[in-house]
Amino acid sequence: MVPLTYYLLLSGILFTCGVLGFLIKRNIITIFMSIELMLNGVNLSFVAFAAHWHALSGQVFVFFVMVVAAAEATVGLAIIIAVFRTRETLNVDQVNLLKL
Amino acid sequence: MTPNPYLWLIPALPLAGAAINGFFGRRSSKTAIVTVALSFCGAAFALALYMASTFSSASAPYYLDLAHWIRAGSFQADFSFYLDQLSLVMLLVVTGVGLLIHIYSVGYMWDDDGFYRFMSYMNLFMFFMLTLVLAKNYLLMFIGWEGVGLASYLLIGYWFTKDSAASAGKKAFIVNRIGDFGFLIALFLMIKHFGSLDFTRVFAAIQPMQPETAGAGLLTSIGLLLMVGAAGKSAQLPLYVWLPDAMEGPTPVSALIHAATMVTAGVYMVARSHVIFERAPAALTVVAIVGTLTALFAATIGIAQTDIKKVLAYSTISQLGYMFMACGVGAFSAGIFHLMTHAFFKGLLFLAAGSVIHGIGGEQDMRKMGGLRPYMPWTFATMGIATLAIAGIPPLAGFWSKDEILWKAFNVSAAYWLIGVITAFITSFYMFRLMYLTFGGEYRGAVAQEAHGHDDNGHGHGHGHGAPHESPWVMLAPLVILATLSLVGGFVGYGNRFEHFLAPAFSGATEVAQEAVPTAAESTLEHMLMGVSISVAALGWLLAYLLYSRMPMLPARIAESLGGLYRAVANKYYVDELYAILFVKPVVDGSTTILWRGVDQGVIDATVNNSADSARHVSDNLRHMQSGNLRSYAGWVAAGGAVVIAYMIWMGVR
Amino acid sequence: MLHLTLFLFFAAIAVAGAVNLLVQRHPINSALSLVVVMASLAGEYLLLGAEFVAAVQVIVYAGAIMVLFVFVIMLLNAGEEARSKGSRVAILLGVPGVTIGAVLVAWVVLRYSNAEAVSMYALPGDPQAIARLLFHDFLLPFEVTSILILIAIMGAVVLASPPQAIVRRRRTEPAQHETRELAAAGKER
C-alpha cells in the first residue's frame, strides 16, 4: 500500500529534474531529453491518478502523451539537424541570432 | 409701456450693413461700400427720428420682446428692447452723430486699402452701441457693452500691421475687461437677489427698499461694482489708461467711439441704474469723487501734451469725469445733457483735428503745426466753435450743460464745485492752447518744403501733397453740422426743458424734487456761480493767449523752471509705467515662471515627454527579455510557471 | 509492504537516472540514463496495474524515441559539452523559480491529500479495456494523433533533408530536356 502522495512526489521530482536540465544544460539534444523526462514524470502522474480514481482514461491519455512526445521529438531532432548543418554547433548559447 | 414692433430694426439695420460690407466688401467698388454703409446707418437714424417724433415727455416707453433667449429655471433673459426718454436721447445722439462721422470717414479713409473693412467695423459698432442703448435687460446691455469693446479693439487696431496700434487695441480691450469683470459680478448679485436682469423687474424689486445709509449693503455693492464697469468703459480713474493709447486708431474712430458714444456707455449705464444708486449713497459718493478727481487729473495732463489727439483724449476723460460727477450728485439728467453736448463738440473737435492732420499730410505733433488758419478756414472756424463750446463760453452748448452740472454739484458740496471750476479753467486753457498752437503764429511744419507729405499714421492721400490744404466737402459738411449743433444744442436745456423731458425716466430721482420753483436767493446764487464759470473760462482763454500767442518763448521757460513737475505731467504722471511695474510685470513674470515654465513646460510637457521617455525606457529594459538565448527563455518560463502555480495554490487554499 | 519496497526500488533508480542525466557531460551518457529512467517507470506502471502502458512505454518510448535520440547523437557526433557563457536569467530566475514551484507543489500535495493508499495492481489496464476506450470514447483524438504523426513525418523529412536534394532535381530536369532536344536536332552540344 503506497500512498498516492508518494507517486505524486516522485512525479514531481522527475519533472523538476527535467526543468533543471532544461535550464542548466548547454547541449541542445540534452535539453530535448530533459523535455522527455518532464513528459515521463507527467505520465506517471496520470497513471497514478487513474489507479486512484479507477478511471481507465488516465492510462489512455498516456498514449496520447507518448504520441505527441514522439512527434515532437521527431520534428525537433530534424530541426536540430538542420541547424547543425548551418551553425556547426550543438551549443544552444551560440544559436542566438534572434536577439534584439 | 406700449409695444412697438419696429424697435429691433434700429440695431439690425447697421448689422446688416456690417455683414454686407464685411462679406462682400472686398470685391465691391468703393461706391457700393459707401452706399451700403451710409444707407443702413442713415436708415437707422431715420427710424430713430421717426420714433422721436411720436414721443413726448409724457409718453409711455416703447418695448419689444423679440425672442426668447435664456430660460433657466426661474431665471429668464430675452432679446427685449426698450425705448424711454433716456434711451431716446442716447439713440438720437448715437445715430445722428454716428451718421455724420460715417459721412466724414468716407472722405477721410477713402484711400485706405481696407476701406470696406473700416466701414464694416463702423456699422458693427453702431449695431452694438444701439443694442446697448435699446436693451431692456442688463444681459442684452452687457452684450452691447462687450460688443462695443470688441468694435473698439478692431477699430483701434485697424492698422494692425503697426505694432503700437495693435498693442493699443489690446490694451483697450484688456483694461475694459477689468471693468467688465466688476460689471459681471454686479449682474450676478442682481440675479441672485432679484432673480432677474430685466430693468422693470429689478427696479420694481428695488423700489420699496430703503436707502442704505448705514454703510455697505447689497445695493452699495452692486452700485460700486457697476461703477467699476463704468470706470473701465468710460475711462475714469484708475482704468482710463487705454483711452490716450486708443488714439492710434483713425481719427473718425476716435471721434465716434472715444468721444461721442462708446465712452458714454458708462454714463448711460449709471443713469439707467439710478434706482440702485439713489438707494446707495455711499456708492453715489464714490461715483462723484471718482468723476471729480478724474476730471481734474486728466485736465492737468492735457496741458502738457504735444500730440493734438492726445490733448483731445485727456479732454474726453476730463469731460467724462464731469458727467460722472453729475450722476454722483444725483443730477442724472444734467449728466446726460452734458453727454449730448459733449458728443457734439468733442466729436467736432476730433473730426476737425482729423481734418487738420489730413491737411498737413499726417502730422499730429502740434509743435510742427501753426499758422494753418489761412490754409484751412472752414476747419478753423468749426474747431473754434467747438473750443468755445468746451470751454464753457455762453451761449454755446457746453456752457449750458457744464454750468448745470456745476450748479447741481454746488448744492451737494462746494468741494465738487470748486474742483469743477478749477478743471473748467484748465480745460479752457489747454483747449485755447491747442487752437493757438495749431492755427496761430507761423507754420512750423515740413509739408510745404517737400513734394510728398510723410504719412505718420499710415493713411494715404488721394490728392496731391504740397502746402497745407483744406479738406474736401465730404469731410467739411459734418463739421459744419456739428458746429451748428454745438452752437444751438444747448438751448434744449433752457428753462429746465431737458430735465422735464427726462423726468419720467428718472422718476423718483432726487433732482425732480428740486424742481420746485427756485427762490430768489437761489436764483441769485445760481447767476453768481454762472458768472464765476464764465470768468474762469475767459481767464483760461486769456492765459492761453498770453502764453501761446503773445509770448511764445514763455511756455518753454516755464516748463524748464518747473523741471521735474513739468516732466511728470508731460509723462502722464508715469501712471502707465506704474501700472507696468505693479500689475503688468508681476503678471508677465508670474506667467512666465509659474505658468509657462512651471506648469506648461514642467508639468504638462513633462508629463507627455516623460510618458514617452518612460515608454522608451520600459521597452529598453524589456528588450533584454528577447535575448535570443534559449536558456533565458526557459528561465523566464520557469519563473512564470512558478508564479502561476503559486497563484493557483493561493486561490485554491483560500 | 512488498508494494512499498518495489515502489521505492524503482523510484530510486528513476531518480538516480534523472540526476545522472543532469550530471553527465556527454549527451550519450545522458541518453542512456534516460533509458534507465524510462525502464524504471515502466516498472512503476506495472505496479499500478497499467500493463499495456508499461509495455508501450518500453517499446515506443525507450525503444523507439530514445533510439532516435541516440541515432542523432551519433550522427551529429556531438561531443562533450563545452563551457560557454550561460544565461544569467536562467540561473538567477529559472532555478529559484522551479525550486519554488516544486516546493509549493510538494507542500500542497503533502498537506492536502488524504494520504489514501493505492493498492498494488490497483487498476488492471489490460489491452481489451484500453482498446475499448481508445477506439470508442477517444476515437477522434486517436485519429487526430495519427494525422499529427503524419505531419511530423513530413516535417521531419523536409527539415532534415539536405537542401541541395530538393533543388538538384529541379535543376537537372531542364538540362535533360535540353539535351534531348539537341539530340533530336542532330547537333552536337
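**Stop 1: two helices in chain C**

Select α2(C), residues 27-48, and α3(C), residues 51-76. This is a predicted model, and in it the axes of these two helices come within 8 Å and cross at roughly 175 degrees. Angles over 145 degrees count as roughly antiparallel, so α2(C) and α3(C) are roughly antiparallel to each other.

Now show the side chains where the two helices meet. On α2(C), residues to pick include P27(C), I28(C), L34(C), M38(C) and Y45(C). On α3(C), try some of the partners, among them V53(C), Y61(C), M66(C), F69(C) and I73(C). What classes of residue make up the contact of α2(C) with α3(C)? Colour by class and you will find 20 nonpolar, one polar and one charged.

**Stop 2: chain C as a whole**

Zoom out to chain C. It holds seven helices and one strand, and walking along the sequence you meet them in the pattern α-α-α-α-β-α-α-α. Chain C has 189 residues, and 29% of them count as buried. Consider next the contacts in chain C with a separation of 6 or more: 60% of them are between residues 24 or more positions apart.

**Stop 3: where chain A meets chain C**

Add chain A to the view. Here 61 residues of chain A are in contact with 70 residues of chain C. On the chain A side, β1 (2-3), α1, α2 (28-53) and α3 (57-87) each supply at least two residues. Which element gives the most? Select α3(A): it contributes 21 residues to the side that touches chain C. By class, the chain A side divides into 44 nonpolar, 14 polar and three charged residues.

Strands also link these two chains. Select β1(A) together with β1(C), residues 117-118: two bridges join them, and they run antiparallel. Label V2(A) and you will see V118(C) of β1(C) standing opposite.

**Stop 4: the helix α1 of chain A**

Stay in chain A and select residues 4-24, which form helix α1. This helix has 21 residues and reaches 30 Å from its first C-alpha to its last, close to the 30 Å expected at 1.5 Å a residue. Is α1(A) mostly covered or mostly uncovered? It is mostly covered, with 16 of its 21 residues buried.

**Stop 5: the contact of chains C and B**

Next, bring in chain B and look at where it meets chain C. This contact takes 13 residues from each of the two chains. On the chain C side there are eight nonpolar and five polar residues, with no charged ones.

**Stop 6: a sheet in chain B**

Now hide the other chains. Chain B has 26 helices and three strands. Select the strands: they form an open sheet in the order β1-β2-β3, with mixed pairing. β1 (2-3) and β3 of chain B stand at the edges, each with a single partner strand, so one side of each is left without a neighbour in the sheet.

Strands of a sheet pair through backbone hydrogen bonds, either parallel or antiparallel. Select β2(B), residues 62-72, and β3(B), residues 75-83, to see antiparallel pairing over nine bridges. Two opposite pairs are worth labelling: A72(B) with F75(B), and I70(B) with A77(B). Then go to the turn of this hairpin, where two residues lie between the strands. One of the residues to click is G73(B), which takes a positive phi near 70 degrees.

**Stop 7: a buried alanine in chain B**

For the last selection, go to A235(B), in the loop between α8 (218-233) and α9 (242-245) of chain B. Is A235(B) buried or exposed? A residue counts as buried if 20 or more other C-beta atoms lie within 10 Å of its own; A235(B) has 31, so it is buried.

Who are its contacts? Leaving out residues up to four places away in sequence, A235(B) touches Y240(B), W242(B), L243(B), V263(B), I317(B) and L320(B). You can also draw a distance from A235(B) to Y314(B): the two are 79 residues apart along the chain, and their C-alpha atoms are separated by 9.7 Å.

Finally, step back to all of chain B. Of its 654 residues, 51% count as buried. Among the contacts in chain B with a separation of 6 or more, 80% are between residues 24 or more positions apart.

Definitions and conventions
Residues are numbered from 1 along each chain as its sequence is written. Chains are lettered from A and ligands numbered from 1 in the order in which they are written. Two residues are in contact if their C-beta atoms, placed from the backbone, lie within 7 Å. Ala, Val, Leu, Ile, Met, Phe, Trp, Tyr, Cys and Pro count as nonpolar, Asp, Glu, Lys and Arg as charged, and the others, Gly among them, as polar. Helices (H or I, at least four residues) and strands (E, at least two) are DSSP runs, numbered from the N terminus. The expected span of a helix is 1.5 Å times one less than its number of residues. A residue is buried if 20 or more other C-beta atoms lie within 10 Å of its own, exposed if 12 or fewer, and partly exposed in between; C-beta atoms are placed from the backbone. Two strands pair if DSSP finds at least two bridges between them. Axes are lines fitted to C-alpha atoms, for helices over the stretch in contact, and angles run from 0 to 180 degrees between N-to-C directions. Angles under 35 degrees count as roughly parallel, over 145 as roughly antiparallel, 65 to 115 as roughly perpendicular and the rest as oblique.
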